[in-house]
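Me: Hi! I have a two-chain model open and would like to go through it with you, one question at a time. Could you show it here first?

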Amino acid sequence: MKYLRLLGAFFWVSVAGELAYRVNFLWQLFQSILSLVVSLVGLGVIFSYTDTLGGWRPDEILALVGVYFLVGGMIGLVIQPGMEQLIESVRDGTLDFTLTKPEDAQLIVSIRRVEIWRLIDIGLGLAVLATALIRLGEKVGGWQAGMFILMLIAGAVIIYSFFLILATLSFWFVRVENILVIFQSMYEAGRWPVSLYPGWLRYGLTFIIPVAFATTVPAEALTGRLTWETLLGAVVLAVVLLTVSRVFWRVGLRHYSGTSA
Amino acid sequence: MKALAELYLQQFKTTLASMFQYRASLLIWMIGQVLEPLVYLIVWSIVSNTSGGSVGNYTTKEFAGYFIVLMLVNQFTYTWIMYEFEYRVRQGALSFALLRPVHPIHSDLADNVSSKLITLPIMILIAAGLAVIFHASISPAPWAIALFIPVLLLAFMVRFLIEWTLALAAFWTTRVGAINQTYFVLMLFLSGQIAPLTLLPSPVRVAAGILPFRWMIGFPVELLLGRLTLVETLTGLGAQAAWLLAGFVLLRIVWRAGVRIYSAVGA
């Protein structure tokens with residue numbers, strides 16, 4: 001409960017800061033809509049030549065696009081900005097101030113920066129998802145919806161742990177901000193089901209850079225494609241990665257000696 | 001002329017040094033350049049396979065050839081000036097460039113060419129690997145191969161001039177991101193990056209013929225794939241020449257007007 005209050009506080013600080021730059025809202029809205037239009041028109045072109053893409057029907061791919069925007073928005077809203085700031089504060093030594101706070105330092109670095117305009121992506125993603133769901137109609141039951149939410153949470157945990165592990169590397173290597181950018185450019189590939197890709201790319205997008213768990217797996221759950229193996233694998237991976245990242249963070253922290261001090 | 005040659009040589013050394021300094025950025029940028037065409041290659045191959053081995057007049061292997069050649073043409077003609085100019089104007093870095101006795105476009109051109117001397121061989125290797133994996137097929141006539149070189153060079157010059165001119169929008173607004181993104185979206189559809197232009201609806205094809213995008217990317221790709229007649233190729237060369245001239249005139253007009261109102265924001 002206390003943590004939610006903290007998140008709320010950080011959120012309102014960001015809102016107050018951004019309200020001074022209200023034009024940014026329009027600009028971000030424009031950018032997000034343009035990106036969505038590219039996705040939808042691209043789908044339109046491809047599905048004018050075929051009815052299914054690797055077994056996925058148009059409305060199912062539409063649901064995947066919704067997930068892509070929703071998860072991309074979540075990553076951009078809080079995960080990525082926090083991790084970028086963590087890397088920066090390790091370099092310039094301002095992490096000292098965070099460590100002196102009474103709350104858990106990992107929690108604070110994870111939620112202290114909120115890019116509120118990315119809520120637009122989340123909103124657009126939900127709208128696309130809702131449209132897809134209406135068009136899919138009765139094919140999506142309560143079971144699928146439940147599994148979808150579970151897989152969405154597992155995906156978010158996996159991505160968060162992945163980012164934290166990478167950002168924690170900054171305790172040893174000072175310049176790691178580039179690794180985060182690699183994720184961003186690989187995330188683009190998540191617009192399509194990873195099952196389309198040839199083996200080497202599919203494994204890369206599943207196990208090296210876990211884009212598949214962020215977009216494809218939740219969309220599979222929603223469209224009734226989820227196998228027990230994937231379901232179990234995603235949950236186990238989420239738990240394992242979360243634990244590993246926590247341990248790694250502690251070890252890293254022991255290595256930290258305020259650069260400015 | 002000799003001074004200019006020295007400038008290009010010096011810029012080459014500088015670019016080389018800074019590229020070795022930013023190896024990681026280079027890697028990231030390459031992932032982007034490869035991944036996007038690769039994803040469309042895979043998607044179209046699947047569409048082609050599910051509809052009996054071809055879509056429109058492209059077979060699966062020809063799709064592979066199309067997107068792999070596109071990857072190389074895009075790499076060859078690519079510029080990053082639109083991202084850089086906003087920073088230059090905002091930070092006032094342009095002021096130093098203006099003090100130099102030569103037009104700043106020269107150092108940008110030298111920088112662009114130098115960095116490609118390094119990246120192009122790597123991209124060719126990647127493209128060759130992908131061509132083997134995906135059984136890419138291209139079948140150009142000998143004259144098409146011969147004309148490909150001038151067509152590619154013209155494509156690069158047109159793209160360089162147009163994007164350099166568009167980058168100058170930074171003189172009038174500090175928020176050029178919206179302009180850049182709109183440009184790249186138009187480019188995606190009208191240059192043939194998302195799909196070969198013949199597969200797009202005819203209004204898009206007509207627009208692509210009038211606007212410069214096709215002449216910067218799609219046209220050289222189609223030529224090397226062996227899909228154009230000699231007449232179409234010569235007409236295309238004419239369109240490229242026209243856009244080159246238009247780009248040059250626009251550049252001079254916009255540059256003069258821009259420099260006149262420039263007052264380094266940071267200064």
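Reply: Happy to. Helices here are DSSP runs of H or I with at least four residues, numbered from the N terminus. By that count, N49(B) belongs to helix α2 of chain B. Please keep in mind that this is a predicted model.

Me: Thanks! Is N49(B) buried, partly exposed or exposed?

Reply: A residue is buried from 20 C-beta neighbours within 10 Å upwards and exposed at 12 or fewer. N49(B) has 16 such neighbours inside 10 Å, so its class is partly exposed.

Me: And how far apart are the C-alpha atoms of N49(B) and T165(B)?

Reply: Along the chain, N49(B) and T165(B) are 116 residues apart. In space, their C-alpha atoms are separated by 42 Å.

Me: What confidence scores come with the model, and what is the mean pLDDT of chain B?

Reply: For the model, ipTM is 0.87 and pTM is 0.89. In chain B, 98% of the residues reach a pLDDT of 70 or more. The mean pLDDT of chain B is 88.

Me: How are α3(B) and α6(B) oriented to each other?

Reply: Two packed helices are described by the angle between their axes and the distance between the axes. For helix α3 (residues 60–77) and helix α6 (residues 104–133) of chain B, the axes are 10 Å apart and the angle is about 175°. Angles over 145 degrees count as roughly antiparallel, and so α3(B) and α6(B) are roughly antiparallel.

Me: Which residues make that contact, and how do they divide by class?

Reply: From α3(B) come I68(B), M71(B), L72(B), Q75(B) and F76(B). The α6(B) side includes L120(B), M123(B), I124(B) and L130(B). By class, the contact of α3(B) with α6(B) has 10 nonpolar, two polar and one charged residues.

Me: Let's turn to the two chains. Which element gives the largest share of the side of chain A that touches chain B?

Reply: The contact takes 23 residues from chain A and 25 residues from chain B. On the chain A side, the elements giving two or more residues are α2 (23–47) and α8 (177–187). That side divides into 15 nonpolar, seven polar and one charged residues. Its largest share, eight residues, comes from α2(A).

Me: Where do the buried residues of α8(A) sit around its axis, and which element of chain B helps to cover them?

Reply: The buried residues in α8(A) are I179(A), F183(A), M186(A) and Y187(A). Because they cover an arc of only 105° around the axis, they lie on the same side of α8(A). Their cover includes α3 (58–92), α7 (142–168), α9 (199–208) and α10 (211–214) of chain A, together with, from chain B, α2 (23–50).

Me: R118(A) caught my eye. Is R118(A) buried or exposed, and what does it contact?

Reply: R118(A) lies in the loop between α5 (105–111) and α6 (119–136) of chain A. It has 20 C-beta neighbours inside 10 Å, so R118(A) counts as buried. Leaving aside neighbours within four places in sequence, the contacts of R118(A) are G73(A), G76(A) and L77(A).

Me: One last residue: what is the phi of H135(B)?

Reply: H135(B) lies in the loop between α6 and α7 (142–167) of chain B, and with 11 C-beta neighbours inside 10 Å it counts as exposed. Most residues other than glycine have a negative phi. H135(B) is not a glycine, yet its phi is positive, at about 50°.

Technical notes
Residues are numbered from 1 along each chain as its sequence is written. Chains are lettered from A and ligands numbered from 1 in the order in which they are written. This is a predicted model: local features need pLDDT of at least 70, side-chain atom pairs count only at pLDDT 80 or more; totals for chains, interfaces and linings use all residues. Axes are lines fitted to C-alpha atoms, for helices over the stretch in contact, and angles run from 0 to 180 degrees between N-to-C directions. Angles under 35 degrees count as roughly parallel, over 145 as roughly antiparallel, 65 to 115 as roughly perpendicular and the rest as oblique. Two residues are in contact if their C-beta atoms, placed from the backbone, lie within 7 Å. Ala, Val, Leu, Ile, Met, Phe, Trp, Tyr, Cys and Pro count as nonpolar, Asp, Glu, Lys and Arg as charged, and the others, Gly among them, as polar. pLDDT is the predictor's confidence in each residue, from 0 to 100. The arc is that of the directions from the helix axis to the C-beta atoms.
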